[in-house]
Amino acid sequence: MAKGKAGNKDRSKKKVVKDVNAKEPTINLDREALRIEPSSVLSSAFRIEPSPALSSAFRIEPSSILVSGHFPGLVSNLTDNYIQLEQDVEDKIRELKQENSRLREEVIEKQKALEEKEIETGELEESIKRLEKSNEKVSQQQRLQHLLYKVHPAAWEKLKRDEAFRKLFYRDTPCPMFIMSIDIRKSTELMLNAKDPKSYQGFIITLCTQLKQIILENYGVFDKFTGDGILAFFPQFYSGEDAAYCAIKAAAECHASFFNHYKKNRSCFTVILKDVGLGIGIDFGETQLVNVQDWLTVIGTPVVYACRLSGAEAGHTLLNQQAYDKASQKFGEFINLQEYEQPFKHQGNVIAYTVSLAEKTPKIKPPDWLEKTTPPEK
């Protein structure tokens with residue numbers, strides 16, 4: 001989201017125009033080829049290194065939420081679930097690591113036995129195949145661990161047991177989805193007005209944790225923290241047929257969350273800014289899910305325009321044309337829409353649409369992965 005550039009931070013006056021609410025590898029038995037070193041087998045398979053910003057802000061650990069006396073902590077029904085899920089993942093990876101270590105030792109022993117003519121070549125090949133299969137299980141578990149912090153706990157439970165569901169996140173073809181970009185307007189001024197760095201750290205970490213949970217509870221997928229905002233997406237295969245309303249509702253709740261959080265923590269700042277808040281952009285279209293070093297993200301034109309629209313004035317959510325078409329067609333009576341002029345760098349002013357929730361609310365169909373469970377009998 002290349003924020004900080006003049007073009008993306010254009011705060012020139014916008015104008016509301018009108019209301020429109022309506023092969024298997026070859027086995028080389030050479031001594032050097034068969035030397036299995038721990039660093040070559042385990043180092044990459046078990047290294048979990050999310051970026052510092054992500055590990056501190058979005059693992060939802062008590063140490064990252066209870067930052068200082070200004071913040072009593074974020075209480076959510078998701079937190080306990082994530083703590084348990086994370087422990088389950090760590091236990092599984094620990095088991096796989098022990099099995100991988102055993103297989104590595106087995107391969108080394110059989111390599112030596114082969115050199116001394118005590119076993120047949122096929123026995124060593126079979127051990128190598130089992131080691132490769134074990135490595136693949138580790139890689140799959142690592143990808144699942146990254147997804148843990150991106151989706152609702154109920155969805156992650158299904159990801160663990162449903163291979164077809166997992167494959168939807170690692171497809172090779174584009175898929176339709178709503179992209180949401182959240183930008184903290186005047187984030188630099190907020191930081192400069194903080195009483196001290198730790199106060200701002202606590203403010204921003206707690207805020208972004210709250211925004212992330214809002215996205216997950218509205219059936220969205222959290223992508224990343226961008227430094228001064230958040231990128232999220234609502235794919236129809238995950239968020240369901242009502243993904244448009246889910247994204248708009250999440251945006252409205254994010255605005256309210258920022259307002260309440262900033263008001264509650266005014267004591268952290270030397271100056272209280274009046275026109276500070278979130279700018280949110282939403283676009284729709286075919287977008288590609290990509291896996292970069294086991295980290296899932298999205299690329300495509302809708303991502304670009306959602307990010308540009310997040311340069312809106314604080315408190316505004318803007319829809320690009322394709323998002324407007326989808327949302328207004330199905331949810332026109334449940335949302336308020338107005339045309340809006342928004343300047344884009346190198347493109348001049350473009351027509352977007354402000355959106356907010358109407359008083360009347362639709363009945364949203366939950367996604368398929370949100371299975372209802374029957375409470376245990378007393």
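How many bridges pair β5 with strand β7, and in which sense, parallel or antiparallel? Keep that one in mind while we get our bearings, because what you're looking at is a predicted model.

Let's start with the whole protein. There are 13 helices and nine strands to find your way around. The protein has 378 residues, and 49% of them are buried. On the outside, about 19300 Å² is exposed, with carbon and sulfur atoms supplying 50% of that.

Now for the inside. In soluble globular proteins, nonpolar side chains tend to be buried together. Here, the largest nonpolar core has 74 residues, and Ile 282 and Leu 319 are the ones with the most contacts inside it. The element that gives the most to this core is helix α11, residues 243-264, with 11 residues. There's also a second, separate core of seven residues, and Leu 309, Leu 318, Tyr 340 and Phe 344 are among them.

Next, have a look at strand β5, which spans residues 277-292. It is largely enclosed by the rest of the structure, because 13 of its 16 residues are buried. Back to the opening question: β5 and β7 (residues 317-319) pair in the parallel sense, over three bridges. If you want to spot one of the meeting points, find Ile 280, whose bridge partner in β7 is Thr 317.

β5 has other partners too. Strand β2, residues 175-185, pairs with β5 in the antiparallel sense over 11 bridges. Along that pairing, Phe 178 stands opposite Phe 284 in β5. Then there's strand β6 (residues 295-299), joined to β5 by five bridges and also running antiparallel to it. Here you can look for Asn 291, which has Leu 296 as its bridge partner in β6.

Let's zoom in on one residue of β5, Thr 287. Is Thr 287 buried or exposed? Its relative accessibility is 0%, so Thr 287 counts as buried. What does its side chain reach? The side chain of Thr 287 comes to 3.2 Å from the backbone oxygen of Gly 285. Setting aside residues up to four places away in sequence, Thr 287 touches Pro 174, Cys 175, Met 177, Ile 179, Val 298, Ile 299, Gly 300, Pro 302 and Val 303.

From here, move along to strands β3 and β4. β3 covers residues 221-225 and is mostly covered, with four of its five residues buried. It runs antiparallel to β4, and four bridges join the two. For one of these pairings, find Val 221, whose bridge partner in β4 is Phe 233. The two strands form a hairpin with three residues between them, and in that hairpin Gly 227 takes a positive phi near 110°.

Our last stop is Ala 232, which sits in β4 (residues 229-235). With a relative accessibility of 1%, Ala 232 counts as buried. Which residues is Ala 232 in contact with, leaving aside neighbours within four places in sequence? They are Phe 178, Ile 179, Met 180, Ile 215, Val 221, Phe 222 and Asp 223. Take Phe 178 from that list: along the chain it is 54 residues from Ala 232, yet their C-alpha atoms are separated by 8.6 Å. You've met Phe 178 before, standing opposite Phe 284 in β5. Ile 179 should ring a bell as well, since Thr 287 touches it.

Technical notes
Residues numbered from 1 in each chain as written. Predicted model: local features only at pLDDT ≥ 70, side-chain atom pairs only at ≥ 80, totals over all residues. Heavy atoms only, no water. Buried < 20%, exposed > 50% of the residue type's maximum accessible area, 1.4 Å probe, protein only. Polar contact = N/O pair within 3.5 Å; in protein donor to acceptor, adjacent residues only side chain to side chain. Contact = heavy atoms within 4.5 Å. Pairing = 2+ DSSP bridges. Areas by Shrake-Rupley, 256 points an atom, 1.4 Å probe, with all protein chains shown as cover. Core = buried A, V, L, I, M, F, W, Y, C linked by side-chain atoms within 4.5 Å.
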